[in-house]
Each structure stands twice: as C-alpha cells, then as structure tokens.
Amino acid sequence: MARQMASGPAATAPWLTLILAVWLFISPWVLQSASMGNFAWDAWIVGVLVALLSLGALYQVTEWEDWGNLILGLWLFISPWVLGFSGTMAAAWDGWIVGILVAAISIWGITAIRGYHGAAHA
C-alpha cells in the first residue's frame, strides 16, 4: 500500500492532538496532581494513546485514528465523573477542556480526511 500524506486540515489535526497529548501526559505534574491516582493514571494512559494515534495519523491518512481520538476525547470529558476526581477543579477542568478539544479536533480531522479522499478520487 502506498503511503498517503495529507495537506491542510487533514495534516494539521494530528499535530494539534499530538500537542494536546503531550500536555495531557505532563499535566499531572504541572497541575501538581501527580499523586492523585485516578487523574494521573488517566492522563498518562490517555495521553500516550492519543499520541500514538496522532503519530499514526501523521504517517498514513486514514479516518480510524481520528475516530479513536474522538472516543478518547469523549472519555476524557466524562472521566472526572467516572473516576471520581470531579471535585478537584484543576484535574477536572483539565479533563473537560482537553477532552472537548481532542474530540472537536478529531471531528475536524474526520471531515477533512473525507474531503481529502473525495478530492483524491475525483
């Protein structure tokens, strides 16, 4: 299979989610919440997963990485309630904001990829 490199939004979205993944991974230390088990582990695990999906999207133009990041973004948004750290404002807001951003960028990436593939086959 030939490697397909995207341009425009289809190439920008993975870079943005990669930046958010790095922030998510370091945020327990920056927010001084690394000792908070649920928040810290959630940020570290989801941060690595978002980074891996974003790196994959940089290499090959496909939708599934963005769909994976969309699911992870939605998980980040609900995780403060599910994992019980919604009372810790810094950690909760980090989950809510990063979750919304990852989900929104992933939706943008999905629509951009669909447009990119449509234009490539036209």
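Student: Which helices each supply at least two residues of the lining of the largest cavity?

Tutor: The helices are α2 and α3. Keep in mind that this is a predicted model.

Student: Which of the helices gives the largest share of that lining?

Tutor: Helix α2 does, with three residues.

Student: What residues line the largest cavity?

Tutor: The lining is made of L24, F39, D42, A43, L76, S79, F85 and G95. Sorted by class, five of them are nonpolar, two are polar and one is charged.

Student: What makes one lining residue charged and two polar?

Tutor: Asp counts as charged, so D42 takes that class. Gly is placed among the polar residues, so G95 is polar. S79 is polar too, because Ser is in neither the nonpolar nor the charged list.

Student: How many cavities of 30 Å³ or more does the structure hold?

Tutor: The structure holds one. The volume of the largest cavity is about 30 Å³.

Student: How do you know where empty space is left?

Tutor: A probe the size of a water molecule is rolled over the atoms, and that shows the empty space.

Student: F39 and F85 are both in the cavity lining. Why is F39 called buried?

Tutor: The cut-off for buried is under 20% relative accessible area. F39 has 2%, so F39 counts as buried.

Student: And is F85 buried or exposed?

Tutor: F85 also has a relative accessible area of 2%. That is under 20%, so F85 is buried.

Student: How many aromatic pairs does the structure hold?

Tutor: There are seven.

Student: Why is the pair of F39 and F85 called edge-to-face?

Tutor: Check the distance, then the angle. The ring centres are 5.4 Å apart, and the limit for a pair is within 6.5 Å, so the rings pair. The planes stand at 65°, and edge-to-face means over 60, so the pair is edge-to-face.

Student: What parts does this pair tie together?

Tutor: F39 belongs to helix α2, while F85 sits in the loop between α3 and α4. The two parts are 46 residues apart in sequence, so the pair ties together distant stretches of that spacing.

Student: Which residues do ring pairs link into a cluster?

Tutor: The cluster consists of F25, W29, W41 and W44.

Student: Which residues touch the most other members of the largest nonpolar core?

Tutor: They are L24, V46 and V98, in a core of 19 residues. Helices α1 (9-30), α2 (37-59), α3 (64-82) and α4 (89-121) each supply at least two residues of this core. Helix α2 gives the most, seven residues.

Student: What is L24 in contact with, leaving aside its neighbours within four places in sequence?

Tutor: L24 is in contact with A43, V46, G47, L76, D94 and V98.

Student: Why is V48 called partly exposed?

Tutor: Partly exposed runs between the 20% and 50% cut-offs. V48, in helix α2, has 38%, so V48 is partly exposed. Its C-alpha atom is 9.4 Å from that of L18, 30 residues apart along the chain.

Student: What makes I26 partly exposed?

Tutor: I26 has 35%, which falls between those cut-offs, so the label is partly exposed. I26 is in helix α1. The C-alpha atoms of I26 and W44 are separated by 7.7 Å.

Student: Is E65 buried or exposed?

Tutor: E65 has 3% relative accessibility, which is under 20%, so E65 counts as buried. E65 lies in helix α3. Leaving aside neighbours within four places in sequence, E65 is in contact with L53, G56, A57 and Q60.

Notes:
Residues numbered from 1 in each chain as written. Predicted model: local features only at pLDDT ≥ 70, side-chain atom pairs only at ≥ 80, totals over all residues. Heavy atoms only, no water. Core = buried A, V, L, I, M, F, W, Y, C linked by side-chain atoms within 4.5 Å. Buried < 20%, exposed > 50% of the residue type's maximum accessible area, 1.4 Å probe, protein only. Helix = DSSP H or I, 4+ residues; strand = E, 2+ residues; numbered from the N terminus. Contact = heavy atoms within 4.5 Å. Phe/Tyr/Trp six-rings, centres within 6.5 Å; stacked < 30°, edge-to-face > 60°. 1 Å grid on protein atoms, 1.4 Å probe; cavity = no way out; pocket = protein on both sides within 12 Å on 5 of 7 lines; lining within 4 Å. Points joined across faces, edges and corners; volume = space filled by probe spheres on them.
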